[in-house]
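Me: I have a structure open and want to go through how its pieces fit together. Can we start with a pair of helices?

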Amino acid sequence: MPEIPIIMPQLGESIAEATIVTIAVKPGEEVAADQDILEVETNKAVMTVASPCRGKVKNWIAEVRQSYAVGSVLGYLEATQEEAARVGLDAPSPTQVADESAEALGENEENGAPATHGTAKKGTVQPTVRGLPVPAHAAGASYLSPRMRARMHELGLHAADLAGVAGSGAAGRVTIEDFEKFISQIEKSKMSPASTMRVAVADAMRRSWTRPLATVALPINLNPVLEHRKAQDPKPGPALYALRALALALAENSAPAGRLVGNRIVHPAAIDVGFAVEAEDGVLVPVMRAVDKMPLAELTPKYNELVEQARLRRLPPNATGGSIATVTNFGTFGLTWATPIPLPEQTLVLGLGAGRVQPSWDPKARQFVPVMEANMTLSFDHRVLDGGGAGRMLARIAALLAEPEKL
C-alpha cells in the first residue's frame, strides 16, 4: 500500500517550526480525511494538524515536546492507491524522503545557513521544502564587527538589545569590551525568562520598525454606534464596528493597504482584516476573511468566537496570518490616545481609544450638546501612504461609522 507522509504544514506567515503537544492517533488506527490527528504549538498559538487523506497510521517519526520545521515528515499513513490518487498526493518511500532531506540539509550548509533550529537531537527530521518564510531579524546598529556578531549570535542577542550600551569606540561604536562589560553587569541583575509569546512579539516589532511609520488621528462621535448596538443581539463591540468600516473603506480603495516590494506596490487579493487580542504575555491577531462581503450581524458571532479562542491561544489555522490590516481597541485599557505599530507584513493598523463625554456644537440647535467621543488613529507605512491619503482613509471610516445601520 502507498505510504503517504504526514507533513508539518505552514501554520502562518513567519512561522518556521512548531512543537508537538499531543499525538491523538496511535499507529494502526484508521483515520478519515481532514481528521485532526496532531496538536502543535507555535510561538503564537496551539493549532491542529489534519490527516492528508483517509488511511491507517503506519508509524510516527515525531515525538511529543519536540520541535519540527515546516515541511518535516512527522509520520506515515497507509492508504489505498485510489485514495492517494483521489487527493492528488504523491507517495514517496521513506528512503526517498530521507534522501531529499539530506540533500536539502547539504544545500543549507553550503549556503552558510544553520542546519537545524537549536541543537540537533537524535531522530530529528529535516525539512523537505525550500525557502521557508523565516522571520528576518533587523539590524539596529550601523556597524557590528564579525567578532561582535559571532558573540551576539552565541548569546542569542540582536542589535536592538544593545540600544542601552554606551560605546567607547570610534564615533561611539560599541566595542567587544563594552559588550562584555554590559553582559557582566546584567548577569548580576535579577532576570526572568521571556515567554515564547513575548519573544515573538519582540521579533515582530523589530521587523516592523525597519520602516518609516507615521500616525494620524481623528475624534469621532460614538453615539450612532452605541445607539445601533443597543438593538443588536448578539451585540457587536466598538472594535468590530471599526473593523467592518475599515474593510468597506479598503474595498473601495485597497491601495493604502498595499505592500511596497522593491519599486512596486503589491495590492491585497482579499479584504482579510485582523484584530488584536491580549493573551498571556503578549498579543494575538485573529484574522477574519473577506470582511467586506459579510454584514455586521454575520461577523459578530464569529468575532466573539475568535476572541475566546485567541485568549486560550487555540486559534484555527484559517484564522492566522495573511491579513492586510489590523484593528486594535486600546480604549479597553482606558487609553484615549496611542500610536499602534503595524505588523511587519501589513501597512495599516486602525486604533480606537476610550470614549469620553465631550461638548460638541450642534448647528441645528445652535448650542453645545454632550457627545460620546473617542480618538481614532491610523498608523501606516509612510513609504506607501502619505498623511493626506491616510487622513482621507480615516475620514471615510468615520463617515461609515456615522451610519452603522449600513454596516
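Reply: Helix 7 and helix 8 are oblique to each other. Keep in mind that this is a predicted model.

Me: Why are helix 7 and helix 8 called oblique?

Reply: Their axes cross at roughly 125°. Angles of 65 to 115 degrees count as roughly perpendicular and those over 145 as roughly antiparallel, so this pair falls under oblique.

Me: Within what distance do the axes of helix 7 and helix 8 come?

Reply: The axes come within 11 Å. In general, two packed helices are described by the angle between their axes and the distance between the axes.

Me: Is the crossing left-handed or right-handed?

Reply: Helix 7 passes helix 8 in a right-handed crossing.

Me: Which residues meet there?

Reply: From helix 7 there are Ala239, Leu240, Tyr241 and Arg244. They meet Leu296, Leu299, Thr300 and Tyr303 of helix 8, which covers residues 296–311.

Me: OK, now helix 9. How many residues does it have?

Reply: Helix 9 has 15 residues, 387–401. From its first C-alpha to its last it reaches 21 Å, close to the 21 Å expected at 1.5 Å a residue.

Me: Which of its residues are buried?

Reply: In helix 9 the buried ones are Gly389, Ala390, Met393, Leu394, Ile397, Ala398, Leu400 and Leu401.

Me: And what do those pack against?

Reply: Three strands or helices come earlier in the list: strand 9 (213–221), helix 6 (223–230) and helix 7 (238–252). The buried residues of helix 9 also pack against strand 17 (348–352) and strand 19 (367–381).

Me: Switching to strands. What order do the four strands of the open sheet have?

Reply: The order is 5-4-2-7, with antiparallel pairing. Strand 5 (46–50) and strand 7 (67–69) are the edge strands, and each pairs on one side only. On average, neighbouring strands in this sheet are turned by 45° against each other, direction ignored.

Me: How many bridges join strand 2 to strand 7?

Reply: Three bridges join strand 2, residues 17–23, to strand 7. In one of these pairings, Glu17 has Ala69 in strand 7 as its bridge partner.

Me: What about strand 6, which strands does it pair with?

Reply: Strand 6 (residues 55–60) is joined to strand 3 (residues 30–31) by two bridges, and the two run antiparallel. Val31 stands opposite Gly55 in strand 6. Strand 6 also pairs with strand 8 (residues 73–78), in the antiparallel sense, over four bridges. There, Asn59 has Tyr76 in strand 8 as its bridge partner.

Note on methods. Residues are numbered from 1 along each chain as its sequence is written. This is a predicted model: local features need pLDDT of at least 70, side-chain atom pairs count only at pLDDT 80 or more; totals for chains, interfaces and linings use all residues. Side-chain values use heavy atoms; hydrogens and water are left out. Two strands pair if DSSP finds at least two bridges between them. The expected span of a helix is 1.5 Å times one less than its number of residues. Buried means under 20% relative accessible area, exposed over 50%, partly exposed in between (1.4 Å probe, protein chains only). Contact means heavy atoms within 4.5 Å. Axes are lines fitted to C-alpha atoms, for helices over the stretch in contact, and angles run from 0 to 180 degrees between N-to-C directions. Angles under 35 degrees count as roughly parallel, over 145 as roughly antiparallel, 65 to 115 as roughly perpendicular and the rest as oblique. A crossing is left-handed if the near helix is turned anticlockwise from the far one by less than a right angle, and right-handed if clockwise.
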